[in-house]
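Me: Please take a close look at the charged side chains of this structure, with attention to where they sit and what they pair with. A connected account, carried from the surface charges to the salt bridges and on to the neighbouring nonpolar features, would be most useful.

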Amino acid sequence: MQLLAFLLIYPILWCISILPFPIFYKLSDVVCFFVYRVFGYRKKTVRKNLAMTLPHLSDKERLEVEKKFFSHMCDMFLEMIKTMTISDKEINRRFVITNIELLSEYEAKGKSVVLMCAHYGSWEWLINIAKKINFKSIAVYKRIGNKYFDKLVRDIRSRLHAELVETKKTVELMEYNAAHGIKAFYGFASDQSPQLERARYWDYFMGYEVPVYTGAEMLAKRLDMNMVFVKVKKVKRGFYEATIMPLAENVRQYPDYEITSIFLREVEKQILEQPEYYFWTHKRWKHVGKKAIGQTN
């Protein structure tokens with residue numbers, strides 16, 4: 001059944017990927033109409049998240065953010081499909097890294113780098129960084145259940161010179177690379193909610209105390225890596241700018257979780273600047289009020 005689903009859907013994805021951009025975004029508008037207006041995909045979750053985290057906005061303003069978010073979300077998922085066939089010239093034109101030279105400076109320091117980002121703007125096209133660096137580029141991801149689509153995603157990333165590693169295999173790979181002198185940039189999107197039973201650290205995020213992923217910081221300390229944050233800005237439809245921001249060098253000198261907290265503060269700034277480009281469908285604040293006595297904060 002997995003193969004059948006892949007064989008049926010793949011030709012549709014490929015046809016979408018080769019559409020000229022004007023038609024491509026018209027299709028996204030149609031998809032958005034059904035996702036938002038007809039099916040109301042996770043609309044309740046989005047509204048609840050916006051009401052909790054953006055209380056300074058009026059109901060009318062939050063509704064406008066909501067509409068813009070759904071339009072952006074559909075654009076972004078179709079842009080993921082576009083990556084199947086997009087040329088280097090086109091993706092470089094549409095996803096600009098404003099200070100790519102900073103990554104070269106980090107390579108010159110001779111340490112691997114943890115690159116942290118949020119589910120904001122276009123984290124898919126962010127992988128375009130891989131073609132602009134000398135170190136290996138490795139992104140941590142959650143494996144797709146259908147093995148054929150999982151391979152497709154891996155193949156798409158390899159077109160852009162990036163390697164994917166499953167979450168559960170990340171530590172093993174990073175320790176292997178460190179032991180064999182293999183330098184790499186490791187991409188972590190660490191702004192979502194961990195499973196409650198695995199939560200080790202709680203911090204305030206958009207006004208609420210929530211469990212936080214800390215793996216990126218802990219691995220950077222264990223393997224003595226530098227850490228940077230990538231701030232992505234949507235300039236206009238289909239066009240993005242990414243700016244590299246140093247988070248920490250000499251990471252072992254920082255108290256535990258301080259770097260993670262710095263990262264969260266940067267994500268908050270990003271959201272407050274243009275909230276419509278954050279990924280509001282995730283139930284990021286579902287564990288509010290569930291912190292057990294004795295858990296770290």
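Reply: K286 is placed in the segment that follows α10, the helix of residues 258–273. In this predicted model, K286 has a relative accessibility of 45% and therefore counts as partly exposed, since that class lies between under 20% for buried and over 50% for exposed. K286 contributes to a positive surface patch, whose other members are R42, K48, K283 and K290. Residues of such a patch have no salt bridge, which leads to the charged side chains that do have one.

Under the cut-off of 4 Å between a side-chain nitrogen of Lys or Arg and a carboxyl oxygen of Asp or Glu, the count of salt bridges comes to 23. One of them joins R47 to E66, with 2.7 Å between the closest N and O atoms. R47 belongs to helix α3 and E66 to helix α4 (residues 59–82), so this pair ties together parts that are 19 residues apart in sequence. The two partners can also be described by their accessibility. R47 is partly exposed, at a relative accessible area of 42%, whereas E66 is buried, at 2% relative accessibility.

Helix α3, which spans residues 43–53, also holds T53. With a relative accessible area of 5%, T53 is buried. A polar atom of the T53 side chain lies 2.8 Å from the backbone oxygen of N49. This distance falls within the 3.5 Å used for polar contacts.

A further salt bridge is formed by R154 and D150, whose closest N and O atoms are 3.3 Å apart. Both residues are in helix α7 (residues 147–159), and because they are four residues apart there, about one helical turn separates them. R154 is partly exposed, having a relative accessible area of 30%. Its partner D150 is buried, with a value of 5%.

K169 and E166 provide another case, their side chains meeting in a salt bridge with an N to O distance of 3.7 Å. K169 counts as partly exposed at 42% relative accessibility, while E166 is buried with a relative accessible area of 10%. In the pair of K169 and E166, then, a partly exposed Lys meets a buried Glu.

Salt bridges also occur as a network, in which D29, D75, K234 and R237 are linked.

The nonpolar side of the surface may be considered next. V30, F33, F34, V38 and F39 make a nonpolar surface patch of about 510 Å². Among them, V38 is located in helix α2, which covers residues 21–38. V38 has a relative accessible area of 44%, so this residue is partly exposed, and that value is over the 30% required of a patch member.

A buried aromatic residue completes the account. F6 is found in helix α1 (residues 2–17), and its 16% relative accessibility places F6 in the buried class, for which the limit is under 20%. The C-alpha atom of F6 is separated by 8.2 Å from that of N146, although the two residues are 140 residues apart along the chain.

Notes. Residues numbered from 1 in each chain as written. Predicted model: local features only at pLDDT ≥ 70, side-chain atom pairs only at ≥ 80, totals over all residues. Heavy atoms only, no water. Patch = residues over 30% accessible without salt bridge, like charges linked within 9 Å, V, L, I, M, F, W, Y side chains within 5 Å. Areas by Shrake-Rupley, 256 points an atom, 1.4 Å probe, with all protein chains shown as cover. Lys, Arg positive; Asp, Glu negative; His and termini not counted. Charge placed at Lys NZ, Arg CZ, Asp CG, Glu CD. Helix = DSSP H or I, 4+ residues; strand = E, 2+ residues; numbered from the N terminus. Buried < 20%, exposed > 50% of the residue type's maximum accessible area, 1.4 Å probe, protein only. Polar contact = N/O pair within 3.5 Å; in protein donor to acceptor, adjacent residues only side chain to side chain.
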